[in-house]
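Trainee: I should like a close look at a single part of this model, namely the places where its pieces touch. Please explain each term as it arises.

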Amino acid sequence: MLSFRGGVHPHDHKEITKDKKITELSPPDTLYIPMQMHIGAPCVPKVEVGERVLMGQIIGDSDAYVSVPVHASVSGTVKEIKKILLPNGSMSDAVVIENDFKDEPFDEHGKNKDYTKFSRQEIIKMVREAGVVGMGGAGFPTHVKLSPPEGKVIDTVIVNGAECEPYLTSDYRVMLENPEEVIYGLKVLLYAFGIKNGYIGIEDNKKEAIKKMQEKTKNEEGIRVVALKTKYPQGSEKQLIWSITKREVPRGGLPADVGVICVNIDTCCAIAKKFLYNRPLIRRIVTVSGSGIKEPQNFSVRIGTPFSYVIEAAGGMAGDVKKVIMGGPMMGIAQYDLNVPVVKGTSAILLFTEKELKQPNTDVCFRCGRCSYVCPINLMPYYIADAYRIGDIERCEKLGALDCIECGCCSFTCPGNAKPLSRVREAKRTILENRRQKA
Amino acid sequence: MTQSLILALAVSGTGLAFGIILAIAAKIFAVEQDERIDQVIEALPGANCGGCGYSGCAALAEAIVKGEASVNSCPVGGVEVANKIAQIMGVKSEDVIRKRSICRCAGVKDAAFDKYEYTGLQDCVAASRLSGGQKVCQWGCLGLGTCVRACMFGAIQIVDGVAVVDKDKCTACGLCVKACPKSLFALIPYDAEECVLCKNQNKGAEMRNICTAGCIACKICEKACDYDAIHVVDNIAKIDYSKCVKCGECVKKCPKKIIRLI
């Protein structure tokens, strides 16, 4: 079985929403569409208060290279432009749209169906226009990913269907319900690079998805569906590339350095939607799960829908909810305000009651070394944590704190609940801050 | 007998020879060091706190002798040390105003509202990176003790969720000023008494949902002051200590009781 060294095996809890079909969530009256849902320069609003916008119309854009435009996810009127809180805790300008429930599309339907008519540059430009970002959570603009630095030859495209985070079933449902779109998106990418070597990697706890994708790719030349060992963080880019191709992304490098481009299932669908139906990225699949929700669901949600609306649509909270997380439980971000909107990177909304959150209130490291054992990138988290504890940031850097992918395996496995990740992450940010100050 | 005598002579002879060589080498390769450096090191407190901005007392001594730093650069030593160093350096000592540090937040647990429950690393820097910390007030003290750990003199304590500086233990080295992610610490003259314990720049009406112990920019203190020493700038009262005469009027009139005598 394809795998990598390290990692942990948390209970996946996917049974809760595994068999729940993706349902289209009707958009709310008011949507808050942030100008920054990606890594890079924030967009500038291109519409004015009172203006009527159509579904799929660009409402924010930026001239910066590392940035993608933002689209209206419904048709309606711009009510105001104000600063709002985002799920990642930062503040950003947002265009508030009052929905008129007409869903009047901005663009002609399905005019670019044949991707083979376009050159690689044109395809990349169209991907940018569609506002596609990495939808696994990080939100890195996909068109930047598709433009590797000169001299780097891409020979493999990997579609990441690992979905290793517990509770999440959005990618799984997409693979079962829209396998054609996934394959179409992959074909667009393979065509853009002029190569015939595509992989769809799926963890082997999703047997049905593997079967389905294998069935659908039977007659596709150069596309292989591979089963991966169920292990967290199998869906991390570098680990996935190693598992499938046995190539190691160099320190501080990009997948392009080893000739690989890696995209998420939902990202692949977003690319396919641009070409198939000429639709930009205005929806995303969100798993609503956890013990604190009445009816766990897989929703197709318009970008900009407030969390509270999504939770209400899933029957509301059950019991005494103590924590709400955007994303998976391992790497997701805890929320304190449910008025935040669903953004491009919102793969799940998880609600937990006290039961799941029980954690010993200790902070002890007894140097058992388990964190080093499970670290998928071979760091020594307890060493870095110790160096941070005494304020030796230089040593943290020497020990490779910057290579940390923040997967949380170390904190998950720590018997003393010493939260090594928290310290490594702080060390990492301090190093980056110091660098910025020097520059 | 003779053998041991020869041995003894040989050993002491080699020792003597090496001694002479070393003595000559020391003369030839001698590193000239200003003797005043040692004297200044002697005069400095020797806490190596780094409050002066140099990596320790020795580094500061060197900088003073080289003329890169002024004789009153040591914030810990105060007037006394400055005078001693001035004497060594043969210059007239400039005036040193003894200072102390204060934490400008009065948002104790019951006063300041929280936006979430923080269970992470007990460190203000870590907490402040999670959308500014658990307090609704983005300026407020997080009370996780990063300053307590930074202080070399044990002068800071967290009391009811807010850092409090012990006036007498504080040496104004400034380490807390650097450590606090919220920049809450300020160095004020040692004998100043009135302090504004708030940094919140929100308007008065917004304060209702943030903290009950916050400046509401009502300007009552401004009107109460006969000496033009307190002004509300950016919705926060600021005292000009060069004008303050310690009459205590502002302390009496402040409706939120955040101008205090400490």
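Mentor: What follows is an account of the interface between the chains, then of the interface between two domains, and then of some local features.

This is a predicted model, in which local features need pLDDT of at least 70 and side-chain atom pairs count only at pLDDT 80 or more, while totals for chains, interfaces and linings use all residues. Residues are numbered from 1 along each chain as its sequence is written, chains are lettered from A and ligands numbered from 1 in the order in which they are written, and side-chain values use heavy atoms, with hydrogens and water left out.

Let us begin with the two chains. Chain A gives 10 residues to the contact and chain B gives 10 residues, where contact means heavy atoms within 4.5 Å. The size of an interface is often given as the accessible area lost when the parts come together. Chain A and chain B bury about 900 Å² between them, and 53% of this lies on carbon and sulfur atoms. Buried area is the accessible area (1.4 Å probe) that two parts lose on being put together, summed over both. Of the area that chain A buries against chain B, 51% is supplied by A:Y336, A:K419 and A:E426, more than by any other three residues.

A:E426 also takes part in a salt bridge with B:R129, in which the closest N and O atoms are 2.2 Å apart. The term denotes a side-chain nitrogen of Lys or Arg within 4 Å of a carboxyl oxygen of Asp or Glu. Two salt bridges are found across the interface of chain A and chain B. Between these chains there are also three residue pairs in polar contact, both residues being at pLDDT 80 or more. A polar contact is a pair of N or O atoms within 3.5 Å; within protein, one must be able to donate a hydrogen and the other to accept it, and residues adjacent in sequence count only if both atoms are side-chain atoms. Helix α14 (residues 420-438) of chain A contributes six residues, the largest share of the side of chain A that touches chain B. Helices (H or I, at least four residues) and strands (E, at least two) are DSSP runs, numbered from the N terminus.

Now consider the domains within chain A. The assignment gives domain 1 (110-277) and domain 2 (370-438), with bounds that come from an automatic or database domain assignment. Their centres, taken over C-alpha atoms, are separated by 30 Å. Six residues from domain 1 of chain A and nine residues from domain 2 of chain A form the contact. These two domains bury about 550 Å² between them, 52% of it on carbon and sulfur atoms. On the side of domain 1, A:Y232, A:Q239 and A:R251 lose the most area to domain 2, together 65% of what that side buries.

A:R251 meets A:D403 in a salt bridge (2.5 Å, N to O). The count between domain 1 and domain 2 of chain A is one salt bridge, and three residue pairs are in polar contact there, both at pLDDT 80 or more.

Salt bridges also occur elsewhere: a search of the whole structure finds 33 over all chains. One of them joins A:E98 and A:K79 (3.9 Å, N to O). This pair links distant parts of the chain, with A:E98 in strand β8 (residues 91-99) and A:K79 in strand β7 (residues 76-85), 19 residues apart.
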